[in-house]
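Welcome! Please take a moment to look at the molecule below, and then let us walk through it together.

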Amino acid sequence: MNNKLSNVSKWKLTTMKHYNALAKGYNELYGEEQKLKINFILKELDLGEKNIILDIGCGTCILFESIYNKDRTLIGIDISEKILREGWRKFKGKSNIMLVQADADHLPFRNKIFDTIFTITLIQNLPNPKATLQEIKRVSKKGALIIATGLKRKYEIKEFASIFEEITIKKIYDIENLYDYILYGVV
Ligand SMILES: C[S@@+](CC[C@H](N)C(=O)[O-])C[C@H]1O[C@@H](n2cnc3c(N)ncnc32)[C@H](O)[C@@H]1O
C-alpha cells in the first residue's frame, strides 16, 4: 500500500488540525468579525421561502445563529470536527440543523439539491478554489443563489471574482470595515 499523502491531502490535514486547535477560542477571536460580515450579507438578502440552506465551511455556525427558524433546514459542513462540536453546542436538540464533517471538494450530497449556498471566509483554505466551485455547482439547483466571501488580505477583488467566473455574479462588494469581499452569484 502507498502510505504517502498527496500534497492536497497534506494541505487539508494541516487545515483541519489548524481549525481543530482554534475551535475553542474561535468565537472569541473571530466571532465579532464574522458577525459583521453576516449582518451585511443578510441586510442585502431576502431568504424568504428558501427552506434548505447549505453553509460550506460553517465553522461554529455563526451564520445559523442569525438565520435559524423552525421552518428551515440548515445544513453545515466543515472539515474540522472540533469546530463543528462548538457549533453543535449552540443548537443541541434542534432537529432541523444538520452538521456534517466533510471536505468542500467532496460534498456528501447528490446533484442539484440546494437553492441557497453560503460559503463565508472559506475559499482561501482550499488548494484549488475553482475546483471547489465546480463542486458547489454540482449540488446547486439551476438558479441557486451563492453567497461567498473572501479575505481581502488574500485576494485582489478581481482575483476573488475570477474564482466565480463560471456563475453569474450579481453583486460584489468591497466594504471598508469588512475584512472580506462579499459576492452574490447565481448558478
Ligand atoms: C475562517 S473559518 C470560517 C468559518 C465560518 N464560515 C464563519 O463565518 O465563522 C474557515 C472554516 O473553513 C473550514 N474549512 C477549511 N478547509 C475546509 C475544507 N476543505 N472543507 C470544509 N471546510 C473547510 C475550517 O475548518 C473553518 O471552520
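The paragraphs that follow go from the sheet to its helices, then to the ligand and to two loops. Keep in mind that this is a predicted model.

Let us begin with the sheet. Seven strands make it up, and they follow one another in the order E3-E2-E1-E4-E5-E7-E6. The sheet is open and its pairing is mixed. As general background, the strands of a sheet pair through backbone hydrogen bonds, in either a parallel or an antiparallel way. At the edges you will find E3 and strand E6 (168-173); each has a single partner strand, so one side of each is left without a neighbour in the sheet. Averaged over the sheet and with direction ignored, neighbouring strands are turned by 15 degrees against each other.

Now visit the edge formed by E6. This strand and strand E7 (residues 180-186) run antiparallel, and five bridges join them. Look for Tyr173 here: opposite this residue stands Ile182 in E7. Helix H2 packs on the sheet, where H2 touches strand E5 (140-151) as well as E7. The direction of H2 makes about 35 degrees with that of E7.

At the other edge, H4 packs on the sheet by touching E2 and E3, and the direction of H4 makes about 170 degrees with that of E3. Which residues of helix H4 (residues 81-90) are buried? They are Ile83, Leu84 and Gly87. These residues lie on the same side of H4, because the arc they cover around the axis is only 100 degrees. A general rule helps here: an α-helix has 3.6 residues a turn, so residues three or four places apart point the same way. Among the elements that cover the buried residues of H4 are H1, helix H2 (26-43), E2 and E3.

While you are at this edge, find Val100, which lies in strand E3 (residues 97-101). Is Val100 buried or partly exposed? Val100 is partly exposed, because 14 other C-beta atoms lie within 10 Å, while a buried residue would need 20 or more. Val100 and Ile75 are separated by 25 residues in sequence, yet their C-alpha atoms are 7.7 Å apart in space. If we leave aside neighbours within four places in sequence, Val100 is in contact with Ile77 and Pro108.

Next comes the ligand. How many residues surround the ligand? There are 20, and the closest are Tyr19, Gly57, Gly59, Ala104 and Asn125. Helix H1 (7-22) and strand E2 (73-78) are the elements that give two or more residues to this shell. H1 provides the largest share, three residues. Sorted by class, the shell holds ten nonpolar, seven polar and three charged residues.

Finally, let us look at two loops and their backbone angles. In general, most residues other than glycine have a negative phi. Cys61 is not a glycine, although its phi is positive, about 70 degrees. You will find Cys61 in the loop between strand E1 (52-56) and helix H3 (62-67). Cys61 counts as buried because it has 24 C-beta neighbours inside 10 Å. Thr121, which is not a glycine either, has a positive phi of about 55 degrees. Thr121 belongs to the loop between strand E4 (114-119) and helix H5 (129-139). With 20 other C-beta atoms within 10 Å, Thr121 is buried.

Technical notes
Residues numbered from 1 in each chain as written. Predicted model: local features only at pLDDT ≥ 70, side-chain atom pairs only at ≥ 80, totals over all residues. Near = placed C-beta within 6 Å. Helix = DSSP H or I, 4+ residues; strand = E, 2+ residues; numbered from the N terminus. Nonpolar A, V, L, I, M, F, W, Y, C, P; charged D, E, K, R; others polar. Buried ≥ 20, exposed ≤ 12 C-beta atoms within 10 Å, placed from the backbone. Contact = placed C-beta atoms within 7 Å. Arc of directions from axis to C-beta. Pairing = 2+ DSSP bridges. Axes fitted to C-alpha atoms, helices over the stretch in contact; angles between N-to-C directions.
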